[in-house]
Every structure is written in structure tokens, then in C-alpha cells.
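Reader: Hi, I am new to this structure and would love a close look at one part of it. Could you take me slowly through the salt bridges, and then add a few words on what else is worth finding?

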Amino acid sequence: MSRSRKDTSNCGDGSSSNESREAGEGTSDLDHEIAQLTKLGSSPHEHLGRVGPGRMKLPASTVRMLAGREGNYSGRGRFSAADGCHVLSRYLPTKGPWIVDRMKSRAYISQFSDDGSLFIAGFQGSHIRIYDVDKGWKVKKEISARNLRWTITDTSLSPDRQYLVYASMSPIINIVNVESATTESVANVTEIHHGLNFSSDEDGDEFGIFCIKFSTDGRELLAGTSDSSIYVYDLGADKLSLRIPAHLSDVNTVCFADESGHILYSGSDDSFCKVWDRRCFVSKGQPAGILMGHLEGITFINSRGDGRYLISNGKDQTTKLWDIRKMTSSSNAVNMGLGDDEWDYRWMDYPEYARKRKHPHDQSLSTYKGHSVLRTLVRCYFSPSYSTGQKYIYTGSSDSSVFIYDLVTGAQVAKLDHHEAPVRDCSWHPYYPMMISSAWDGDIVRWEFPGSDEAPAPRNRRAGRNRIIREFRWSLE
């Protein structure tokens with residue numbers, strides 16, 4: 001991926017503060033609004049930490065919380081969402097691993113569907129496999145890709161889980177019907193893979209697509225490309241609706257900020273995260289603001305889903321946490337790369353002297369270190385809202401591991417070791433304490449708590465969170 005030095009776009013008057021915290025090295029807890037939001041979302045009711053009325057507050061262990069609930073110490077007679085997150089977030093998916101699948105080509109993609117019933121794995125050898133999690137990881141659909149160039153760079157499942165789109169280093173994105181009766185989906189042989197052309201009619205240039213996302217309503221596709229642009233495709237009209245010349249280098253990652261679809265985030269090899277308001281862009285054609293702090297290119301962005309916070313992985317070997325209210329105008333953007341045009345993250349180690357460097361205008365809230373972002377576009381995520389209150393950040397790593405950090409303290413709470421090659425992607429089940437990691441060694445492996453050789457039982461949506469907590473209680477007896 002190429003690297004460039006500056007950006008000249010501007011939209012609005014962003015304001016910024018240069019206070020940033022480096023996590024994981026003996027620092028204090030993150031002192032910011034998101035720390036309080038995280039604690040509120042994953043801390044128990046104060047009365048549930050007691051073993052009896054009027055007694056001194058004790059650590060909120062699972063057993064004491066269950067006793068407190070039965071005694072109705074909170075006055076609600078049940079667990080709140082935060083109570084449930086406090087219990088479930090203690091059970092990290094660190095046991096195992098168990099092999100889900102083993103292929104002879106590099107694994108690039110591993111993603112659960114939003115309800116956890118399906119799992120998608122994408123490989124360099126033109127294969128995509130969709131597994132039915134509720135049926136013992138049975139292969140629901142085996143897809144042989146069309147128009148593949150280099151590798152499957154990304155996939156995205158529609159919100160109704162009816163369609164899957166896949167991308168490669170080509171301007172054509174293909175869409176497959178997941179619910180069709182065909183199990184072996186060979187492009188245009190056993191099943192039609194409808195191609196969506198992201199290049200304009202007058203533009204004959206070839207480019208690749210690094211990242212693709214369905215909108216929450218399933219009506220649009222958002223893509224980041226090697227021609228430094230962001231594309232929006234209208235599926236209803238079957239045509240491109242927007243192209244944004246967004247950066248000065250490859251756009252490796254894009255995502256929607258929240259369910260509204262108005263706000264977009266992008267990350268590029270120019271080292272900047274940019275915030276785009278589509279309502280603003282129509283009139284001004286420029287970003288709402290820029291977030292600077294990475295010293296090298298950005299490989300992935302994940303939104304917290306609230307239209308305010310996001311995390312990013314960078315080739316400067318860090319994950320950063322951002323608040324878009326701290327963004328600045330692009331006229332104030334400063335690129336602080338290594339200044340070494342010979343360095344290439346794809347086959348060179350990150351220089352030791354550079355690990356101590358800091359951006360003088362770092363706008364991030366916190367920086368997490370320990371993992372390695374080399375060889376490939378390593379991805380990072382917030383942990384699930386339902387089971388953890390998003391109190392953790394987790395990421396793959398080119399040193400063959402998966403790292404889990406506490407968002408507030410920055411501490412490394414777990415490191416999962418199995419693979420023998422870079423872990424590009426990993427995915428935490430939205431409801432169960434289960435994680436899947438995929439790596440260039442071709443292994444797709446499952447991590448769980450407490451760990452078993454059996455697939456989890458299908459989730460009963462009506463039973464709710466208390467049923468899952470009871471399962472954990474039984475597992476401890």
C-alpha cells in the first residue's frame with residue numbers, strides 16, 4: 001500500500017485537543033466520558049455487590065450477584081442489561097482452541113452474522129464458506145468466487161442474512177443469494193453471482209476494493225478502494241450514487257458511524273481517519289473533519305455504533321480510540337510518517353526507534369500497544385454490546401495471536417495463541433463467550449468459555465439474558 005504526506009480537503013470548523021493517553025504501560029484509567037459510559041454499561045447495581053442488606057459492599061462476584069437478585073436487593077427483581085454484561089463479560093473466550101476448518105490457502109475474513117447464527121470465512125484461494133453455527137458448524141454454502149484478483153479482500157452479509165457480497169482487487173463486487181438451495185455455489189456455473197460495477201462509465205481505470213459494508217437498512221453498499229476513494233452503491237437503483245475522492249492514498253477501511261447511515265468513517269494509508277457527513281458533502285464536497293494521531297497508514301476502523309466513538313488499527317503498531325468531537329479541519333492536518341520511503345509493512349519489521357515516537361498533535365483518547373500490524377490489513381473491533389457492554393477491544397496480530405485489551409484501563413487481559421501465521425481477522429460471537437480467529441495458516445479456530453466440543457445451543461430470543469446467566473451458574477457448580 002502506498003503512503004502519502006498531506007490532505008487538503010476541509011469541511012466545517014473542527015476543534016481538537018491534543019491530550020492522548022498511552023494505554024497498557026502503567027497508566028491510570030481512561031479519564032473520559034466513554035470510560036463512564038463503559039462502566040455504566042457493564043457495572044452491576046450497587047446493591048447486588050452485597051451479600052445482605054446493610055452489610056459492607058463486597059466484590060460483585062457472579063454468585064453474590066445471583067444471590068442478590070434472588071433477594072431482590074436492587075428492588076427490580078431481575079438483572080438489568082448492565083448487570084448481565086457484568087456477569088457475562090467475566091467469561092472471556094480464551095479456552096481452546098477447537099478447529100472449525102482447515103484450508104490450504106490463507107484465511108482473510110472471519111465474521112459472525114449480527115445474530116450469530118452464521119459465520120463467514122473468506123480465503124485467498126477464491127473460496128468463501130458460510131457455516132451454520134446452530135447446526136454444529138455445518139457448511140451451509142461453499143462459494144467459488146468470480147473475478148478474483150489476488151484474494152477475497154472483504155465480505156459483507158445483508159442485514160436480513162439473505163445476500164452476501166464479496167470483493168477483491170477489482171472494481172466489480174459480486175452478490176450471492178445465501179438462502180438459495182444451492183450448496184456448491186460456483187460463480188455462473190451452478191449459480192449466478194451478480195456483478196456490481198463500481199467504476200463509472202467514463203472511467204476506464206482499474207482499482208481494487210479493500211473494504212465493503214452493507215448499510216443497516218440493506219439498501220446501500222459502502223466501499224473503500226485503491227484509487228483513494230469512497231463509493232456508495234444504491235442497490236435499489238442498481239448504480240453508483242456517490243463517489244468521494246476521500247484521501248491521498250489507498251482507502252483501506254470504511255464503515256457507517258451508526259444506523260442512520262448519514263455519517264461515514266474512512267481510514268487510509270495517508271495515516272488519517274476522516275469523518276464524512278453525507279448531508280454536508282452534497283453541498284461542500286469535503287469531510288466534516290479529520291482525526292490525526294497515527295504515524296503510519298490505517299488498516300481498519302470499527303465504529304462503536306453510537307455515531308461518536310471509533311477505534312482504528314495502524315501500521316505504527318497501535319490501536320487508537322477516538323471521539324469524533326475532537327476532530328479538526330483538514331487544513332490543520334499534519335502527517336508524521338517515518339519519512340523512510342524504503343520501509344514497507346508488507347515484508348519489513350517496524351523500526352525499533354519508531355515505536356517510541358508520538359504524534360505531536362495526537363487527537364486519540366487512548367492508544368493500545370502489544371500486538372503487531374504487519375504483512376496484511378489486520379482488523380480490530382469493540383467487544384459485543386450484549387454480553388460485555390463493549391468494555392474490551394480485540395484485534396488480530398501479525399505475530400500469529402489475538403489480543404484482548406480492557407478499553408478503560410488499557411491492560412492486556414488475554415492473548416490467544418494457536419496460529420503459525422498472521423491473524424488478519426477475528427470475530428466475537430454477539431451473544432455467547434465465543435471467538436473465531438482466522439489466519440494465513442488456513443486455520444479457522446474457535447475459542448470459548450468454559451469450552452466444550454459441542455456447538456452452542458440455538459439462542460432462544462424470548463428467554464433472554466437470564467437463561468444464559470443460569471447456564472454459566474450451572475457450569476460453575
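Author: Happy to help: what follows starts with some ground rules, goes through the salt bridges, and then visits a helix and a loop.

This is a predicted model, in which local features need a pLDDT of at least 70 and side-chain atom pairs count only at pLDDT 80 or more, while totals for chains, interfaces and linings use all residues. Residues are numbered from 1 along each chain as its sequence is written, and side-chain values use heavy atoms, with hydrogens and water left out.

The pLDDT is the predictor's confidence in each residue, from 0 to 100. For the protein chain it averages 85, and 81% of the residues score at least 70. Residues 1–17 stay under 50, although the model gives them 69 contacts beyond four places in sequence; a contact means heavy atoms within 4.5 Å. The stretch 467–477 is also below 50, with 17 contacts beyond near neighbours in sequence.

Now to your salt bridges. Side chains of opposite charge can pair when their charged atoms come close. Here a salt bridge is a side-chain nitrogen of Lys or Arg within 4 Å of a carboxyl oxygen of Asp or Glu, and the whole structure holds 24 of them.

Start with Arg-161 and Asp-115, whose closest N and O atoms are 3.4 Å apart. Arg-161 sits in the loop between β7 (154–157) and β8 (163–167), and Asp-115 in the loop between β3 (107–112) and β4 (118–123), so this pair ties together parts 46 residues apart in sequence. (Helices, H or I of at least four residues, and strands, E of at least two, are DSSP runs numbered from the N terminus.) Arg-161 is partly exposed at 23% relative accessible area, whereas Asp-115 is buried at 12%. Buried means under 20% relative accessible area, exposed over 50%, and partly exposed in between, using a 1.4 Å probe and protein chains only.

Next come Arg-379 and Asp-425, with closest N and O atoms 3.7 Å apart. Because Arg-379 lies in the loop between β23 (366–369) and β24 (380–382) and Asp-425 in strand β28 (residues 423–428), they too tie together parts 46 residues apart in sequence. Arg-379 is buried, at 3% relative accessible area, and Asp-425 is buried as well, at 0%.

Then look at Asp-323 and Arg-325, which pair at 2.8 Å between their closest N and O atoms. Asp-323 is buried at 2%, while Arg-325 is partly exposed at 40%. Both belong to a network of salt bridges that also links Glu-33 and Arg-308.

Glu-33 falls within the range of helix α1 (residues 33–42), whose axis comes within 6 Å of the axis of α3. In α3 (residues 81–88), 7 of the 8 residues are buried, so this helix is largely enclosed by the rest of the structure. Where α1 meets α3, Leu-40, Gly-41 and Ser-42 touch Ala-81, Ala-82, Cys-85 and His-86.

Last, a quick stop at Phe-207, in the loop between β11 (194–197) and β12 (209–214). Phe-207 is buried, at 4% relative accessibility. Its C-alpha atom is 5.7 Å from that of Ser-170, although the two are 37 residues apart along the chain. Beyond four places in sequence, Phe-207 touches residues including Ser-170, Phe-198 and Tyr-231.

Terms used
Axes fitted to C-alpha atoms, helices over the stretch in contact; angles between N-to-C directions.
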